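Reader: I would like a close look at one part of this protein. Please take me through the salt bridges, one pair at a time.

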Amino acid sequence: MTVPTGHAAPTAELFKDAFRAHPAGIAVITAQGPDGPVGLTASSVSSVSAEPPVLAFSVSTASPSAAALVQADTLVVHLLGADQLGIARLFAARGADRFGGAADWHPLPSGEPLLADAPWALRCRILHRLPVGGSMIIAAEVLSIEQGTHDDVAPLVYHNRSYHRLGDQSLLG
């Protein structure tokens, strides 16, 4: 990782280096696409508003899964725990059969795929789609929240191109 000293022009590589040093929680976002369920791993999910509950995330427009997901009216954001590392990797892998058997899931009555055992699953309605560069920023209103049965699961975090588990040993104060 390059550590800048002083001011530097914002190159793509320097921008990536900066965000590799900034840890982010991991989520899997799923939707029912025109050809079946779609999903992808994201590290860009953030809370926007508590009242009404709104979240936002971005996806690359180059991803085939993202294209179908962005066109959906509703989707599910699964906030993952460290014990879902396999799911995070599955939904991040290009060309993977994400719903073929490795992931335990079922469709909600409204049609979206719900992954089993995620600590939190937030069913959302897309409010806004904002194209920015090679990405699409999505703002979505949370319609319902499902809390998993394991409320003490350590969160799964992505930092410097690697997955990490947060726990008591990482507590600073």
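Author: What follows covers the salt bridges, then the nonpolar cores beside them in the account. The model is predicted. A search of the whole structure finds four salt bridges.

Start with helix α1, residues 12-20. Here the side chains of D17 and R20 form a salt bridge, at 2.8 Å from N to O. The two residues are three apart in the helix, so about one helical turn separates them. D17 is buried, because its relative accessible area is 7% and the cut-off for buried is under 20%. R20, at 16%, is buried too.

Next come E112 and R123, whose side chains meet at 2.9 Å, N to O. This pair links distant parts of the chain. E112 sits in the loop between β7 and β8, and R123 in strand β9, 11 residues apart. Both E112 and R123 are buried.

R125 and E141 make another salt bridge, at 2.5 Å, N to O. It joins strand β9 to strand β10, across 16 residues of sequence. R125 is partly exposed, at 36% relative accessibility. E141 is partly exposed as well, at 21%. Shared partners also tie E13, D17 and R20 into one salt-bridge network.

Now the nonpolar side. The largest nonpolar core has 23 residues, and C124 is among those with the most contacts inside it. Strands β9 and β10 are among the elements that each supply at least two residues of this core. C124 touches E141, and also L55, L75 and V142, among others. Another core, of 12 residues, lies apart and includes I26 and L156.

Note on methods
Residues are numbered from 1 along each chain as its sequence is written. This is a predicted model: local features need pLDDT of at least 70, side-chain atom pairs count only at pLDDT 80 or more; totals for chains, interfaces and linings use all residues. Side-chain values use heavy atoms; hydrogens and water are left out. A nonpolar core is a set of buried Ala, Val, Leu, Ile, Met, Phe, Trp, Tyr and Cys residues joined through side-chain atoms within 4.5 Å. Buried means under 20% relative accessible area, exposed over 50%, partly exposed in between (1.4 Å probe, protein chains only). Helices (H or I, at least four residues) and strands (E, at least two) are DSSP runs, numbered from the N terminus. Contact means heavy atoms within 4.5 Å. Lists of a residue's contacts leave out its neighbours within four places in sequence.
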